[in-house]
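Welcome, and please load the model in your viewer. We will go from stop to stop, selecting a few residues each time.

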Amino acid sequence: MQQAARVAGKSESLDKLLTDYPSGPHDQPQSMCPAFGSLRVGLRMRRTATILSGSACCVYGLTFTSHFYGAKRSVGYVPFNSETLVRGQLYEDIRNAVYEVAKPADYDAVVVINLCVPTASGVPLDRLPKAIDGVRIIGIDVPGFGVPTHAEAKDVLAGAMLRYARTEAGAGPVARPRSVSSMPTVTLIGELFPLDPPGVGAILAPMGLAVGPSVPPREWRDLYGALDCAAAAAVHPFYTASIREMQAAGRPVVGSGPVGEEGTADWLDSIAAATGISAAAAKAKALPAIRAAIAENQIEARMTVSGYEGSELLVARLLIEAGADVPYVGTACPQTAWSEPDRAWLAAQGTHVQFRASLEQDMAAMLEVRPDLAVGTTPLVQKAKALGIPALYFTNMVSARPLFGSAGAGALAAIVAAQTKGRDRFSRMVSFFDKVGSGETAGYGWTDVPKDPPGAKDRLRKAREAKAKAAMAVGT
Ligand code: SF4
């Protein structure tokens, strides 16, 4: 499909994706359809319509997943068939759909996402009008053969919107963001637990800094507020395109995040270096509270951490500061300059950090480490539980609780303690079921390889042949 896309004129788009989201050491980590990341960002924005262009089966899956995760908006879809695709009619259909939807009374922006087949066929979303009656039109290619993870796909859309908003702000006055702070702000880059931005704001307050609108934003005009910051914090370090836009706007960017005591101290130092404001007052206030929260919530467990959200290194830092032994961290996201502070810190603790980790690497690490608790993706959790190792789905662990400051320090210990206690129960379950449910013994009552009923294959073959013959006879 990559080759087809290049022949169809998408080389520039693919090269850009490859630069921003490099593959390797593995070329394709195993996670959900990457376009889900862009779709989710679009669906979470007010006054924004999101339209998919792709195969019906892909759109069905993406729509299902969006609503499973509580999307409150409709997913737009421009269907196609072989003929409209080959004749170029699909582009015309998308253009018509965009004109139909782009009503300024309803929307600030319309996002169109090319999935695999339209990208491979060269559907030129870049030729769509840039705006219709003041409604911005953003067309992006997010093929599974060009964007390695859904996490990075969030950046594809966030980066494209920031670029558009930066150009608008450069050209003249723009709409006032929903909330404007009287203090200089720090823009947090990455999808965060809702309590985290106010928590980080409280940490920064003694420096005379506030937290501004985050990226990805919740409304178009928030983009102007996000760009208008004293510094940007790449809390999720894989937002390469968004970081590039921040830098193009002249904003300093810092990596890592305020996790644990040491992590928060380091992060505040980076913010101080970026803004020229001393971090002494903020450290004096925040660090003792975090230290106390960690002391009260010690973790005694050997753990492996793996996931595809991009915050795996931060979670591992916090776990280690709380006392956990974490010999392995795997992330499906790539290594970037902004993950370097966390990588270096973890390496200094003896933790192996695997970027672009494959499921096989995560599994191998878990089998070697034999942790008290494996935190990982669903297939890893499934494998761990089958082996009697307590396991927890990474996304559930991080998306439902705070990560930063003293709130983050207190949140992880309880869930780790509750899960690791289950080890005996898991061992009993493994011996109770004793291979039932695996291989040929799957299902109730099977002890041997199930046999076909005698003659069944023959009967089915004959029925198929008769049906085919009948179909051929029609019209003769
Ligand atoms: S990766 Fe491509 S083919 Fe697979 S579901 Fe996503 S759009 Fe469809």
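Two strands count as paired if DSSP finds at least two bridges between them. Helices (H or I, at least four residues) and strands (E, at least two) are DSSP runs, numbered from the N terminus. Residue numbers start from 1 along each chain as its sequence is written. This is a predicted model, where local features need pLDDT of at least 70 and side-chain atom pairs count only at pLDDT 80 or more, while totals for chains, interfaces and linings use all residues.

**Stop 1: strand S3**

Please select residues 109–114, which make up strand S3. With 6 of its 6 residues buried, S3 is largely enclosed by the rest of the structure, so you may want to hide what surrounds it. Buried here means that 20 or more other C-beta atoms lie within 10 Å of a residue's own; exposed means 12 or fewer, and partly exposed is in between, with C-beta atoms placed from the backbone. Ala 109, Val 111 and Ile 113 point one way from S3, and Val 110, Val 112 and Asn 114 point the other way.

Now add strand S1 (residues 48–53), which runs parallel to S3 and is joined to it by 6 bridges. Which residue of S3 is the bridge partner of Ala 49? It is Val 110. Strand S5 (residues 135–141) also pairs with S3 in the parallel sense, over 6 bridges; there, Arg 136 is the bridge partner of Ala 109.

**Stop 2: helix H2**

Next, select residues 35–43, helix H2. All 9 of its 9 residues are buried, so H2 is largely enclosed by the rest of the structure. Among the buried residues are Phe 36, Leu 39, Arg 40 and Val 41. What covers them includes S1, helix H3 (56–68), strand S2 (75–77), S3, S5 and H7.

**Stop 3: the nonpolar core**

A nonpolar core is a set of buried Ala, Val, Leu, Ile, Met, Phe, Trp, Tyr and Cys residues joined through C-beta atoms within 7 Å. The largest one here has 133 residues, of which Val 110, Val 186, Ala 234 and Leu 319 touch the most other members. Helix H7 (residues 150–171) supplies the largest share of this core, 8 residues. In soluble globular proteins, nonpolar side chains tend to be buried together.

Stay in H7 and pick Gly 170. Is Gly 170 buried or exposed? It is exposed, because 11 other C-beta atoms lie within 10 Å. A distance label from its C-alpha atom to that of Ala 249, 79 residues apart along the chain, should read 9.1 Å.

**Stop 4: around Ala 234**

Centre on Ala 234 and leave aside its neighbours within four places in sequence: its contacts are Ile 189, Tyr 239, Ile 243, Val 253, Val 254, Gly 255 and Trp 338. Contact means C-beta atoms, placed from the backbone, within 7 Å.

Then show the open sheet of 4 strands in the order S7-S6-S8-S9, whose pairing is parallel. Its edge strands, each pairing on one side only, are S7 (210–211) and S9 (253–254). Strand S8 (residues 231–233) pairs with S9 over 2 bridges, and Ala 232 stands opposite Val 253 in S9.

**Stop 5: the five-stranded sheet**

Another open sheet has 5 strands in the order S12-S11-S10-S13-S14, with parallel pairing. S12 (352–354) and S14 (391–393) are the edge strands. The twist averages 15° from one strand to the next. Strand S11 (residues 325–331) is linked to S12 over 3 bridges, and the bridge partner of Gly 330 in S12 is Gln 354.

**Stop 6: two helix pairs**

Select helix H12 (residues 280–296) and helix H18 (residues 405–420), whose axes come within 8 Å and cross at roughly 5°. Axes are lines fitted to C-alpha atoms, for helices over the stretch in contact, and angles run from 0 to 180 degrees between N-to-C directions. H12 and H18 are therefore roughly parallel to each other. On the H12 side, Ala 286, Ala 289, Ile 290, Ala 293 and Ile 294 meet Gly 405, Ser 406, Ala 409 and Gly 410 in H18.

Finish with helix H11 (residues 260–275) and helix H13 (residues 312–321), with axes that come within 7 Å and cross at roughly 125°. This pair, H11 and H13, is therefore oblique. Angles under 35 degrees count as roughly parallel, over 145 as roughly antiparallel, 65 to 115 as roughly perpendicular and the rest as oblique. Gly 260, Glu 261, Glu 262 and Gly 263 in H11 meet Arg 317, Leu 318 and Glu 321 in H13.

Methods
Contact = placed C-beta atoms within 7 Å.
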